[in-house]
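Biologist: I'm new to this one. Can you show it to me and let me quiz you about the words people use for it?

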Amino acid sequence: MIGYTSLGTNDLNRSAGFYDELFKALGIGRLMEVDDFIVWGQDMSSVNFSIHLPIDGNSASVGNGVMIALRTKNREEVDRVYAKALEIGGMDEGAPGPRGDYGFYAAYFRDLDGNKLNLHCIS
C-alpha cells in the first residue's frame, strides 16, 4: 500500500546524520541521494523512507497529527533503537512499553526537525 514516506527538513546534512545512525541501528542504509533529498530502505522495491528540503523553498514544518511508524523485529529492537534515537539528539515522546491489550509494544520520539516517529512491534 505505501511506497515510501517523506519528511521535510531544514538542514539536509544534519537530518541525514541523524537518520544514518537511526537506520544503521535497524540494519538499513541509504539507497539514493541527490541535492535535495535522501532515501533509506532495504531495496528500491520495498517501502522506503526519505527526507527532503521543501520544493517550494519555504521552511519545513511539522504536521500536527502526522507520525511515521517504523516496524521492528521485537521489543529489544524497539528499546535499542529508541535509546539510539535519544542518544543522537531525538526528543522523547513516549518511552518503550506495551500499549493496549493487543501485544502492541512501542516507543515514540521526535527527530531533529520535530517530526514524530514511532518504533513498534506486535508480540
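Modeller: Sure, and keep in mind that this is a predicted model. Let's start with a nonpolar surface patch of about 310 Å².

Biologist: What makes that nonpolar surface patch?

Modeller: Four residues do: L31, M32, V34 and M44. To join a patch, a residue needs over 30% relative accessible area. L31 has 31%, so L31 passes that cut-off.

Biologist: Why is L31 called partly exposed?

Modeller: Buried means under 20% and exposed means over 50%, with partly exposed in between. L31 comes out at 31%, so partly exposed is the right label.

Biologist: Where in the chain is L31?

Modeller: L31 belongs to strand 2, which covers residues 29-33. The chain has eight strands, along with two helices. Read from the N terminus, the order goes β-α-β-β-β-β-α-β-β-β.

Biologist: How do you know whether the radius of gyration of the chain agrees with a compact globule?

Modeller: For 123 residues, a compact globule would have a radius of gyration near 14 Å, and the chain has 14 Å, so the two agree. The C-alpha atoms fill a box of roughly 45 × 30 × 30 Å along the principal axes.

Biologist: And how much of the chain counts as buried?

Modeller: That's 38% of the 123 residues, with buried meaning under 20% relative accessible area. As for the accessible surface, the chain has about 7,100 Å², and carbon and sulfur atoms account for 50% of that.

Conventions. Residues numbered from 1 in each chain as written. Predicted model: local features only at pLDDT ≥ 70, side-chain atom pairs only at ≥ 80, totals over all residues. Heavy atoms only, no water. Patch = residues over 30% accessible without salt bridge, like charges linked within 9 Å, V, L, I, M, F, W, Y side chains within 5 Å. Areas by Shrake-Rupley, 256 points an atom, 1.4 Å probe, with all protein chains shown as cover. Salt bridge = Lys/Arg side-chain N within 4 Å of Asp/Glu carboxyl O. Helix = DSSP H or I, 4+ residues; strand = E, 2+ residues; numbered from the N terminus. Buried < 20%, exposed > 50% of the residue type's maximum accessible area, 1.4 Å probe, protein only. Rg over C-alpha atoms; globule rule 2.2 N^0.38 Å.
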